[in-house]
Amino acid sequence: MKLLITALHTPVDMTNNNEYTYKVVEHFISINGEGRRAGQLAMFIRFAGCNLNCEYCDTKWANEKNVEYKEHTSEELVDIIQESGVKNITLTGGEPLIQEGIGYLLERLRKLEDIRVEIETNGSVNIKPYMKNEPDNVSFTLDYKTGASGMERKMCLDNYKNVRSQDTVKFVVGSIEDIEQTNRIINQYNLTKKGCGIYISPCFGKIEPEEIVKYLVEHRLNDVNVQLQLHKYIWDPDKRGV
């Protein structure tokens, strides 16, 4: 099948009994390359299509209009997850939150025992409709797209007001200016006080990690993590399915 990227979908009625199909370009087991569970085993489900076009995106192939995908129902995805024997489940893309019926899938996953679901989302889609007020097994790894992405203007700034302690905010930086903007966003939205995970990663090949560390030292940025994307060091940066 071929993908036709559509406009953002409005959140579905989480209580309905409708079944949806989801455009999946690949699913595989590997390790988390970044975030709070970096280095841990994870089952990845990669959805097709994205509403952004970041300059440093390493999965542009999954966002192409003619990308091949397979349609899976929520029941099929639940079966894939349960049969994997893996606790950490990462929904990624592309952009998972533009999949029609993604809220319904999340409600299905919330009912599963002994799994932890992480949604990797690009920061442009409002995450509030998909969140629970109380801690649950679904968390968000929320990007803030800095200048290096070319997409900073697309950010939904309310997202950074709504992150919980179980969520993560990730900044990929390519310059000192990007790091300075990261610092402003952290302070503006009191991210360290919210207790969420805060991670800064260098844009691969654009800035040295040492420059990020130097900035953190000079500005005494407590509770902020510098992180390298493990999968780009273990495998070729362009390798798929890892």
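# Exercises on a predicted model

Strands β4 (residues 88–92) and β5 run parallel and are joined by four bridges. Here strands (E, at least two residues) and helices (H or I, at least four) are DSSP runs numbered from the N terminus, and two strands pair if DSSP finds at least two bridges between them.

Before you start: this is a predicted model, so local features need pLDDT of at least 70 and side-chain atom pairs count only at pLDDT 80 or more, while totals for chains, interfaces and linings use all residues. Residues are numbered from 1 along each chain as its sequence is written, and side-chain values use heavy atoms, with hydrogens and water left out.

## Exercise 1: around β5

Work out which residues pair up on either side of β5, and say whether β5 is enclosed or not.

Step 1. Start with β4: the bridge partner of Leu 91 is Ile 119 in β5.

Step 2. Now look at β6 (residues 138–145), which pairs with β5 in the parallel sense over five bridges. Glu 118 has Ser 139 in β6 as its bridge partner.

Step 3. Trace the connection: β4, α2 and β5 make a right-handed β-α-β unit. Right-handed means that, with the strands pointing away from the viewer, the path from the first strand over the helix to the second runs clockwise.

Step 4. Check burial, where buried means under 20% relative accessible area, exposed over 50%, and partly exposed in between (1.4 Å probe, protein chains only). Five of the six residues of β5 (residues 116–121) are buried, so the strand is largely enclosed by the rest of the structure.

## Exercise 2: the whole sheet

Give the strand order and find which strands stand at the edges.

Step 1. The order in this open sheet of nine strands is β3-β1-β2-β4-β5-β6-β7-β8-β9, with mixed pairing.

Step 2. β3 (70–73) and β9 are the edge strands; each has a single partner strand, so one side of each is left without a neighbour in the sheet.

Step 3. Look at the β3 end: β1 (residues 21–31) pairs with β3 in the antiparallel sense over four bridges. Thr 21 has Thr 73 in β3 as its bridge partner.

## Exercise 3: the core

Which residues touch the most other members of the largest nonpolar core, and which helix gives the most to it?

Step 1. Set the rule: a nonpolar core is a set of buried Ala, Val, Leu, Ile, Met, Phe, Trp, Tyr and Cys residues joined through side-chain atoms within 4.5 Å.

Step 2. The largest one has 60 residues, and Phe 47, Leu 91, Phe 171 and Leu 191 touch the most other members. Helix α2 (residues 102–110) gives the most to this core, five residues.

Step 3. Another core lies apart from it, with five residues, including Val 25 and Tyr 69.

## Exercise 4: salt bridges

Compare where Lys 87–Asp 114 and Lys 145–Asp 143 sit: buried or exposed?

Step 1. A salt bridge is a side-chain nitrogen of Lys or Arg within 4 Å of a carboxyl oxygen of Asp or Glu, and the whole structure holds eleven.

Step 2. In Lys 87–Asp 114, the closest N and O atoms are 3.7 Å apart. Lys 87 is in the loop between α1 (74–84) and β4 and Asp 114 in the loop between α2 and β5, so the pair ties together parts 27 residues apart in sequence. Lys 87 is partly exposed at 43%, and Asp 114 is exposed at 57%.

Step 3. Lys 145 and Asp 143 meet at 2.6 Å, N to O. Lys 145 is buried at 7%, and Asp 143 is buried at 9%.
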